Amino acid sequence: MSDLNKLGLAEARDALRAGDVTSVELTEACLKAIDEADALNAFVHKTPEIAMERAKAADERIKGGDAPSMCGLPIGIKDLFCTKGVPSQAASGILEGFKPEYESTVSQQLADAGAVMLGKLNMDEFAMGSSNETSVYGNAVSPWRRGNDDAQLTPGGSSGGSAAAVAADLCLAATGTDTGGSIRQPAAFVGITGIKPTYGRCSRWGIVAFASSLDQAGPMTKNVRDAAIMLETMCGHDAKDSTSADLAVPNFEAMLTGDIKGKKIGIPKEYRMDGMPAEIEKLWADGAAMLKDAGAEIVDISLPHTKYALPAYYVIAPAEASSNLARYDGVRYGHRAQLAQGDGITEMYEKTRAEGFGHEVQRRVMVGTYVLSAGFYDAYYNRARKVRTLIKKDFEDVFAAGVDAILTPATPSAAFGLGEMAEADPVQMYLNDVFTVTVNLAGLPGISVPAGLDTQGLPLGLQLIGRPWEEDDLLNTAYALENAAGFVAKPGKWW
């Protein structure tokens, strides 16, 4: 078999079980692809020795006939996940040189299942960004190009390295995290599948925190079946995470029948934004028609507090970030600034943070500290929390009325060029999250499925939002949409 790195998880798993290929061969194909793709800047810490060691162990395990689905499959790990003995910097200068003595629960579960770690993936610094332009490693670059244009495009953010690596076939799948759309938006930008599970479905232990009440890990894969396979391994109760749900994890793959007859799919009127590109409008209408043809009932719904979601998110997330990032002070680990004679602890904090944090992180920490300060706590933070409760109730009311899933666009546009938005008003960048942040505020599962191309040949995604804890049903609806959309486009190789 040639081009082994182009396989998906399900195909590779079946080939491994049939003895047509070994994990070592799969891993070598991916490591070769990674070494040829430095132009994408997706892998920022390569771990070929760990990969080959795990691949050999996986081959032995498969021979023994006792191997779970993920055994022997080469994947990438976002740099936000702590990985024992391997740099885990969250793409920030302040964590330079940090090599954890422990493994995050999610990456440990994948390792225990026999998955092969190829290395760590680029991302926005501390997961703050929508374009992977805030990384200390430099920009991650999308494998896609606009028509015959050579301009470098964003792979989305914050899981930009994960998105670029999966779309360019550098790995079979990758982990991502999603605080306001950081799995779903990049997945839409590069034509892959990305699912954010219900808050509490995956352990947050050992994942560098951004906003603790919003962060959630999930898989970024080449199709919906692969997402189901990988998500099952990543989920599960963890006593080390107080927000982790003690619920049984279903066999998500077994639920993929593609039968959605009689399902009610809601179309929220509030997501019809002024100035929405005609291509996104058409994609959305086409998606609804595809689901209707598959036997679902399409109903109009209202989520009246949607218009307050972005402002509420950009109060709550920075507030939690300013609290979480207070631990990076140069005292115990990571970067410490050079101090002048007579400098005390205050100067050490100030200089270390000024050098270690990038501009976007500094901006959000300052916003967060401001909204938590004594005079503004009630005016901003408490009010945002109340709005969040109303947004969550909007979804609860819709689901209580019998709606099974909600269909929306995943992003307000196709991928934009690197540098095109960085100099603009930061609010323009924040608007990239307009369709995704409500899902995090309400703690719901959401999935982005590639559904078409724009006029310049760039991928566009649709988002499905599901009921809490019903990822199995959501994945099945996404599977039906994927089958109907028939998206098979791949980027032409230029790197």
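**Exercise 1. Three residues in loops**

Establish whether Asn132 counts as buried or exposed, and then describe its backbone and place.

Solution. Step one takes the accessibility: at 0% relative accessibility, Asn132 counts as buried, where buried means under 20% relative accessible area, exposed means over 50% and partly exposed is in between, with a 1.4 Å probe and protein chains only. The model is a predicted one, in which local features need pLDDT of at least 70 and side-chain atom pairs count only at pLDDT 80 or more, while totals for chains, interfaces and linings use all residues. Residues are numbered from 1 along each chain as its sequence is written, and side-chain values use heavy atoms, with hydrogens and water left out. Step two takes the backbone: Asn132 has a positive phi of about 60° although it is not a glycine, and it lies in the loop between E3 and H5; helices (H or I, at least four residues) and strands (E, at least two) are DSSP runs numbered from the N terminus. Step three turns to Ala91, in the loop between E2 and H4, whose phi is near 60°, again a positive value in a residue other than glycine, and which is buried with a relative accessible area of 0%. Step four returns to the loop between E3 and H5, where Ser158 has its place and where the peptide bond from Gly157 to Ser158 is cis, with omega near 5°.

**Exercise 2. The surroundings of helix H5**

Work out how many residues of H5 (160-167) are buried, and which elements cover them.

Solution. Step one is the count: eight of the eight residues are buried, and the helix is therefore described as mostly covered. Step two names some of them, among them Gly160, Ser162 and Val166. Step three looks at the cover, which includes the strands E1 (43-46), E2 (74-78), E3 (116-121), E4 (173-178) and E6 (216-221), together with helix H6 (184-190); contact means heavy atoms within 4.5 Å. Step four moves just past the end of H5, where Asp169 takes a positive phi of about 60°.

**Exercise 3. Met230 and its contacts**

Find which residues Met230 touches, not counting residues up to four places away in sequence.

Solution. Step one places Met230 in helix H7 (residues 224-234), where at 0% relative accessibility it counts as buried. Step two lists the touched residues, which are Leu9, Met70, Ile75, Leu110, Ala173, Ala174, Thr175, Pro219 and Thr221. Step three adds a distance: Met230 and Asp14 are 216 residues apart in sequence and 14 Å apart in space, C-alpha to C-alpha.

**Exercise 4. The second largest cavity**

Determine which residues line the second largest cavity, and which helix gives the most to the lining.

Solution. Step one fixes the term: on a 1 Å grid over the protein atoms alone, a cavity is a set of points where a 1.4 Å probe fits but cannot get out, and lining residues have an atom within 4 Å of a point. Grid points are joined across faces, edges and corners, and a volume is the space filled by probe spheres set on the points. Step two gives the setting: the structure holds three cavities of 30 Å³ or more, and the second largest contains about 40 Å³ of space. Step three lists the lining, namely Arg54, Ile75, Ile77, Glu103, Ser107, Leu110, Ala111, Ala115, Val116 and Met117. Step four assigns elements: E2, H4 (105-112) and E3 each supply at least two residues, and H4 gives the most, with three. Step five sorts the lining into seven nonpolar, one polar and two charged residues, where Ala, Val, Leu, Ile, Met, Phe, Trp, Tyr, Cys and Pro count as nonpolar, Asp, Glu, Lys and Arg as charged, and the others, Gly among them, as polar.

**Exercise 5. Aromatic pairs**

Classify the ring pair of Phe98 and Tyr333.

Solution. Step one counts 14 aromatic pairs in the whole structure; rings of Phe, Tyr and Trp (its six-membered ring) pair if their centres lie within 6.5 Å, and planes under 30 degrees apart count as stacked, over 60 as edge-to-face and the rest as tilted. Step two applies this: the centres of Phe98 and Tyr333 are 5.3 Å apart and the planes stand at 35°, so the pair is tilted. Step three notes that the pair links distant parts of the chain, 235 residues apart, with Phe98 in the loop between E2 and H4 and Tyr333 in the loop between H9 (309-324) and H10 (345-356).

Conventions. 1 Å grid on protein atoms, 1.4 Å probe; cavity = no way out; pocket = protein on both sides within 12 Å on 5 of 7 lines; lining within 4 Å.
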